[in-house]
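Got your viewer open? Load the model and get ready to click through a few selections.

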Amino acid sequence: MQNLAHWAGGGPGPWILFVPLVWAAVVTGAVTVLRRGARRGGGGLWRPVGAGRPAGDSPLAVLGRRFASGEIDEEEYWRRLSVLEEQFGRTGKGGTA
């Protein structure tokens with residue numbers, strides 16, 4: 001009786017190369033996914049639970065971009081900034097504590 005280890009002549013058949021190729025593909029895929037995640041600054045697949053929005057998307061940054069692009073005028077900017085400073089515990093118009 002023949003089994004997979006002794007294929008047509010007593011030795012291992014060409015299928016034996018398949019197993020290392022599958023493992024090489026799995027390892028290469030895992031390394032690629034982890035490196036891409038680390039390159040983006042996210043630490044790979046495992047991000048801290050408290051990781052929120054990127055710094056560029058903070059409410060103060062959005063407000064500054066809207067003012068710079070002309071979506072809101074200066075009066076509206078200062079009014080919203082004071083509300084945000086109260087909410088985030090900052091003092092002063094410059095946002096420094």
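Here is a short tour, one selection at a time.

**Stop 1: the whole chain.** Keep in mind that you're looking at a predicted model. Switch to a cartoon view: the protein has 3 helices and 0 strands, in the order α-α-α along the sequence. Of its 97 residues, 11% are buried. Turn on the surface and you have about 8,100 Å² exposed, with carbon and sulfur atoms supplying 62% of that.

**Stop 2: a nonpolar patch.** Select Trp 15, Ile 16, Leu 17, Phe 18, Val 19, Leu 21, Val 22, Trp 23 and Val 26. Together they form a nonpolar patch on the surface, with about 920 Å² of accessible area. Now click on Trp 15, in the segment before α1 (18-39). Trp 15 counts as partly exposed, because its relative accessibility is 35%.

**Stop 3: two helices side by side.** Next, colour α2 (residues 59-69) and α3 (residues 74-88). How do their axes cross? They come within 10 Å of each other and cross at roughly 175°, so α2 and α3 are roughly antiparallel. To view the contact, show the side chains of Pro 59, Leu 60, Leu 63, Gly 64, Arg 66 and Phe 67 on α2, then Glu 74, Tyr 77, Arg 80, Leu 81, Leu 84 and Phe 88 on α3.

**Stop 4: zoom in on Arg 80.** This residue sits in helix α3 and is partly exposed at 33% relative accessibility. Which residues does Arg 80 touch, leaving aside neighbours within four places in sequence? The answer is Leu 63 and Arg 66. Try the distance tool on Arg 80 and Leu 63: they are 17 residues apart in sequence, with 7.9 Å between their C-alpha atoms.

**Stop 5: the salt bridges.** Stay with Arg 80 and add Glu 76: these two form a salt bridge, with the closest N and O atoms 2.4 Å apart. About one helical turn separates them, because they are 4 residues apart in helix α3. Add Arg 79 too, whose side chain meets Glu 76 in a salt bridge of 2.7 Å, N to O. That gives you Glu 76, Arg 79 and Arg 80 linked in a network. Is Glu 76 buried or exposed? It counts as buried, at 17% relative accessibility, while Arg 79 is partly exposed at 47%.

**Last stop: Arg 66 and Glu 71.** Their side chains form a salt bridge too, at 3.1 Å from N to O. Arg 66 is partly exposed at 26%, whereas Glu 71 is exposed at 56%. The count for the protein comes to 3 salt bridges.

Conventions. Residues numbered from 1 in each chain as written. Predicted model: local features only at pLDDT ≥ 70, side-chain atom pairs only at ≥ 80, totals over all residues. Heavy atoms only, no water. Patch = residues over 30% accessible without salt bridge, like charges linked within 9 Å, V, L, I, M, F, W, Y side chains within 5 Å. Areas by Shrake-Rupley, 256 points an atom, 1.4 Å probe, with all protein chains shown as cover. Salt bridge = Lys/Arg side-chain N within 4 Å of Asp/Glu carboxyl O. Buried < 20%, exposed > 50% of the residue type's maximum accessible area, 1.4 Å probe, protein only. Axes fitted to C-alpha atoms, helices over the stretch in contact; angles between N-to-C directions. Parallel < 35°, antiparallel > 145°, perpendicular 65-115°, else oblique. Contact = heavy atoms within 4.5 Å.
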